[in-house]
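Biologist: Please take a close look at one part of this model for me. I would like the sheet, its strands and what they lead to, in one connected account.

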Amino acid sequence: MGYEPENVASASFVLAQEYKARYPIIHIDLYRLDDKDEILSLDWDFYLSDENILLIEWADKAGDFIRCDLTVNIDIISETGRAVLFKAKSGHFDGFLNML
């Protein structure tokens with residue numbers, strides 16, 4: 001995507017991290033937010049721009065406010081093992097998922 005992986009930082013200590021890449025990437029971590037008003041106070045008009053790729057951790061905390069086109073669930077199955085489930089909510093990602 002035009003961004004070096006070693007420059008990616010956790011969004012846990014800031015609610016949103018922006019990466020300037022070929023397509024702007026916004027990484028939001030809702031883990032520390034428990035109140036819907038806190039979540040709604042974020043700059044969603046900017047984040048949800050069609051120009052951005054929006055990655056949200058703990059997106060289920062936002063309820064129905066955010067429509068996710070693609071969800072990725074990562075479950076810990078052992079100390080060194082993870083199960084990853086991709087789920088597309090529209091046909092837009094079918095080609096991508098079929099390549100995996």
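Modeller: Start with the hairpin. S1 and S2 form it, with 5 residues between them. The two strands run antiparallel and are joined by 4 bridges. One point of register is Gln-17, which stands opposite His-27 in S2. Keep in mind that this is a predicted model.

Now widen the view to the sheet. It is open and has 3 strands, in the order S1-S2-S3. The pairing is mixed. S1 to S2 is antiparallel, whereas S2 (residues 25-29) and S3 pair in the parallel sense. That parallel pairing runs over 5 bridges. Ile-25 has Ile-53 of S3 as its bridge partner. Further along, Ile-28 stands opposite Ile-56 in S3. In general, strands of a sheet pair through backbone hydrogen bonds, in either the parallel or the antiparallel sense.

Which strands stand at the edges of the sheet? They are S1 (16-19) and S3 (53-57). Each has a single partner strand, so one side of each is left without a neighbour in the sheet. From one strand to the next, the twist averages 15°.

S2 deserves a separate look. Are its residues buried or exposed? 5 of the 5 residues of S2 are buried, so the strand is largely enclosed by the rest of the structure. Its side chains point two ways. Ile-25, His-27 and Asp-29 go one way. Ile-26 and Ile-28 go the other way. His-27 and Asp-29 are buried along with the three Ile residues.

Next, follow the chain out of the sheet. Tyr-31 sits in the loop between S2 and helix H1 (36-40). Trp-58 sits in the loop between S3 and S4. The two are 27 residues apart, and their pairing links distant parts of the chain. A pair of aromatic rings is described by the distance of the centres and the angle of the planes. For Tyr-31 and Trp-58, the centres are 4.8 Å apart and the planes stand at 50°, so the pair is tilted. Tyr-31 is partly exposed, at 48% relative accessible area. Trp-58 is also partly exposed, at 43%.

How many aromatic pairs are there? The count comes to 3. Another of them joins Trp-44 and Tyr-47. Here the centres are 5.8 Å apart, with 85° between the planes, and the pair is edge-to-face. Both residues lie in helix H2 (residues 44-47). Being 3 residues apart, they are separated by about one helical turn. Trp-44 is buried, at 5% relative accessibility. Tyr-47 is buried too, at 13%. Ring pairs link Trp-44, Phe-46 and Tyr-47 into a cluster.

Last, the surface beyond the sheet. A nonpolar patch of about 700 Å² is made by Val-72, Ile-74, Val-84, Phe-86, Phe-96, Met-99 and Leu-100. Strand S4 (70-76), strand S5 (82-88) and helix H3 (94-99) are the elements that give two or more residues to the patch. Met-99 lies in helix H3. Met-99 is exposed, because its relative accessible area of 68% is over the 50% cut-off.

Conventions: Residues numbered from 1 in each chain as written. Predicted model: local features only at pLDDT ≥ 70, side-chain atom pairs only at ≥ 80, totals over all residues. Heavy atoms only, no water. Pairing = 2+ DSSP bridges. Axes fitted to C-alpha atoms, helices over the stretch in contact; angles between N-to-C directions. Patch = residues over 30% accessible without salt bridge, like charges linked within 9 Å, V, L, I, M, F, W, Y side chains within 5 Å. Areas by Shrake-Rupley, 256 points an atom, 1.4 Å probe, with all protein chains shown as cover. Salt bridge = Lys/Arg side-chain N within 4 Å of Asp/Glu carboxyl O. Buried < 20%, exposed > 50% of the residue type's maximum accessible area, 1.4 Å probe, protein only. Phe/Tyr/Trp six-rings, centres within 6.5 Å; stacked < 30°, edge-to-face > 60°.
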